[in-house]
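Me: I have a model open on my screen and would like to learn how to read it. Could you walk me through its features one at a time?

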Amino acid sequence: MHTTRRLTSGLAALSAAALLAAGCGDGGGDAADVSICVGGEFATRPDGLPGLEEAYDFELPADAVTALDEDALVYSEVDAGNCTFGSIFATDGRVGALGLTVLEDDEGFFPPFNGSLTVRADVLEANPELEELFAPISEVLDDETMVELNAQVDVEGEDPEDVARAWLDENSDLVEDVDLSGASFTVGSKEFTEQLILGHLTMLVLEEAGADVRDRTGLVGSTTVREALLSGDIDMYWEYLGTGWVTYLDNTEAIPDVDEQYEALQAADEANGVAWLPPAPFNNTYAIAMTEERADELGISTISEMAELVREEG
Amino acid sequence: MTAPTVDRGGDVAGAGDALAAEELVEELGGPSPLWRWVGTPVVLAGVCAALYVYVQGQDLDRIEEAALNAPMIRQRVLEHLELTAVSTFFVIVIAVPLGMLVTRPATRRLAPAVLAVANVGQSIPSIGILVLLAVVVGIGFEQAITALVLYAVLPVLRNTMVGLDQVDRSLIEAGRGMGMTARQVLLRIELPLAVPVMLAGIRTALVINVGTAALATFIGAGGLGWIINQGNIHDRTPVLVTGSVLTAVVALALDWIAGIVEDLLRPKGT
């Protein structure tokens with residue numbers, strides 16, 4: 001019958017299209033040895049991939065690099081086996097949860113990325129108690145603590161503000177008896193989990209001291225937040241030493257020692273009207289990770305070994 | 001001849017208005033064919049030259065250089081063209097047969113349902129479709145193509161339906177009268193006469209795809225959207241300007257090519 005013939009020819013066309021679409025490109029889980037997934041900023045930042053390639057003397061072919069603008073996707077893609085290597089953050093909760101292994105930065109390329117609360121110099125001058133208020137809290141924020149807090153959000157699905165509040169409740173003895181009533185501050189943060197937790201933590205602490213707080217957390221992009229600080233749209237946010245030194249102050253050489261790095265940064269950023277409070281112990285450095293299976297398979301545990309692999313097979 | 005604009009309200013009479021508009025433009029003395037054929041590429045070449053001069057004149061820092069070097073730009077442009085070409089191909093392959101199917105007397109009642117699905121495909125924000133696909137299926141080129149196809153099916157489907165529906169009934173009857181089968185009537189009378197309207201829809205889908213393909217970067221499929229996003233997250237104006245201008249140039253260039261194809265494929269006598 002005509003109708004049936006029409007329908008079948010139509011369906012045939014649709015199925016052919018579907019098959020073609022499915023056939024295009026490779027399926028998942030079968031990545032070439034030399035394939036890396038990188039996050040949005042890591043792809044072009046001088047303290048990211050371009051600098052890494054220079055320091056370790058390797059060059060990835062264009063088709064070996066998958067640029068994922070969503071950092072979160074890097075973890076799932078490496079875990080799924082769609083890329084062998086991935087650019088990750090050292091204090092991210094998913095590294096442990098997914099059983100990823102982090103490659104050793106044996107050439108010491110990555111600068112220290114310890115977290116430090118950056119405050120506009122004029123705001124700090126007007127409210128010197130801020131330093132006293134945040135020092136004891138900053139001191140206890142080590143890698144383990146940050147990984148645990150991040151995991152609560154990224155792995156267990158908790159809300160960053162709730163996580164910050166719960167942690168503050170448990171550690172309320174760390175909040176100094178400082179009076180900031182009458183003062184008002186705008187707190188910013190970047191868009192990823194650790195930043196959101198730190199941003200909310202900062203706001204909760206300020207509120208405990210009696211200050212009025214405006215929430216400007218979750219801004220997208222490091223540069224956006226930094227510009228907001230410089231222009232006065234926000235008064236403070238948590239930044240990382242390495243990011244400040246290499247990306248904002250445009251230095252080519254990282255300073256491996258945390259204290260030296262901090263001092264140099266403090267001195268240099270004075271000119272921009274930005275003050276850095278003493279850094280916390282946690283170092284949320286960029287790192288390269290891979291699944292444990294692939295690491296064993298390829299016998300790679302350092303970035304130098306990865307560089308060698310790229311030179312041989314890239 | 002300009003394409004009928006995509007009428008989001010679902011008004012199938014859009015094509016009729018557009019044809020009347022075309023006649024009006026011709027009466028008023030619209031752009032001469034020569035200007036249309038030569039003018040656009042000349043202007044686009046000029047824009048590209050100006051962009052090149054602008055970028056060369058900037059003192060690019062390391063982040064900008066990492067995003068704006070020749071190999072990277074070439075890679076992203078090619079990725080973008082690939083995304084657009086493949087998705088438009090599948091849009092045609094899916095929407096044209098579907099349009100033919102739902103204009104046949106026997107299956108006409110399927111039309112509202114099919115149109116509803118196509119409408120939904122275009123109403124959902126593309127970024128939403130991309131995120132859903134990323135979560136459910138995964139990321140990559142195929143997922144980007146799926147999202148692009150879903151988004152651009154509507155104009156081609158509707159224009160195919162309108163094009164076929166507006167063929168003069170008497171011509172179809174004449175064909176049947178001459179002893180043609182229904183299939184012969186479809187292929188030899190209806191389709192050729194529907195081609196101008198169908199091509200207009202395809203041209204619209206093509207340009208829509210170029211714009212939507214800029215979002216493919218968010219699920220790892222690259223394209224010019226990657227350059228735009230780099231300019232955005234790093235707050236680097238030259239990068240943002242380059243990505244945006246190149247996307248616009250690609251859209252206009254493809255539209256120009258489609259216009260020429262439209263002119264060439266238009267059956268003589270329409």
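Reply: Happy to. Helices, runs of at least four residues, and strands, runs of at least two, are DSSP runs numbered from the N terminus. Keep in mind throughout that this is a predicted model.

Me: With that in hand, how many helices and strands does chain B have?

Reply: Chain B has eleven helices and zero strands. Read from the N terminus, its elements are therefore written as α-α-α-α-α-α-α-α-α-α-α, by the DSSP runs just described. Of the 270 residues in this chain, 40% count as buried.

Me: And how do I read a pair of helices, say α6 and α7 of chain B? At what angle do they cross?

Reply: Start with the axes, then look at the side chains. Helix α6(B), residues 126-136, and helix α7(B), residues 141-165, have axes that come within 9 Å and cross at roughly 140°. The crossing is right-handed. On the α6(B) side you will find B:S126, B:I129, B:L130, B:L133 and B:A134, which meet B:Q143, B:T146, B:A147, B:L150 and B:Y151 of α7(B). Sorted by character, the residues of this contact are seven nonpolar, three polar and no charged.

Me: Now chain A. What should I look for in a sheet?

Reply: The general idea is that strands of a sheet pair through backbone hydrogen bonds, either parallel or antiparallel. In chain A, five strands make an open sheet with mixed pairing, in the order β2-β1-β3-β10-β4.

Me: Why do β2 and β4 of chain A each have one side without a neighbour in the sheet?

Reply: Both β2 (65-68) and β4 (100-102) of chain A stand at the edges with a single partner strand each, so one side of each is left without a neighbour. Neighbouring strands here are turned by 35° against each other on average, direction ignored. For a close look, take β1 (residues 36-39) of chain A, which pairs with β2(A) in the parallel sense over four bridges. There, A:C37 stands opposite A:T66 in β2(A).

Me: Which helices of chain B supply residues to the side that touches chain A?

Reply: First the totals: 34 residues of chain B are in contact with 31 residues of chain A. Helices α3 (62-67), α4 (70-101), α7 and α10 (224-233) of chain B each supply at least two residues to that side of chain B. The largest share, eight residues, comes from α4(B). By character, the side of chain B touching chain A holds 18 nonpolar, eleven polar and five charged residues.

Me: Where in chain A is the pLDDT below 50?

Reply: Chain A averages a pLDDT of 89, and 90% of its residues score at least 70. Over residues 16-28 of chain A, however, the pLDDT is below 50.

Definitions and conventions
Residues numbered from 1 in each chain as written. Chains lettered and ligands numbered in written order. Predicted model: local features only at pLDDT ≥ 70, side-chain atom pairs only at ≥ 80, totals over all residues. Axes fitted to C-alpha atoms, helices over the stretch in contact; angles between N-to-C directions. Left-handed = near helix turned anticlockwise from the far one by under 90°. Contact = placed C-beta atoms within 7 Å. Nonpolar A, V, L, I, M, F, W, Y, C, P; charged D, E, K, R; others polar. Pairing = 2+ DSSP bridges. pLDDT = per-residue confidence, 0-100. Buried ≥ 20, exposed ≤ 12 C-beta atoms within 10 Å, placed from the backbone.
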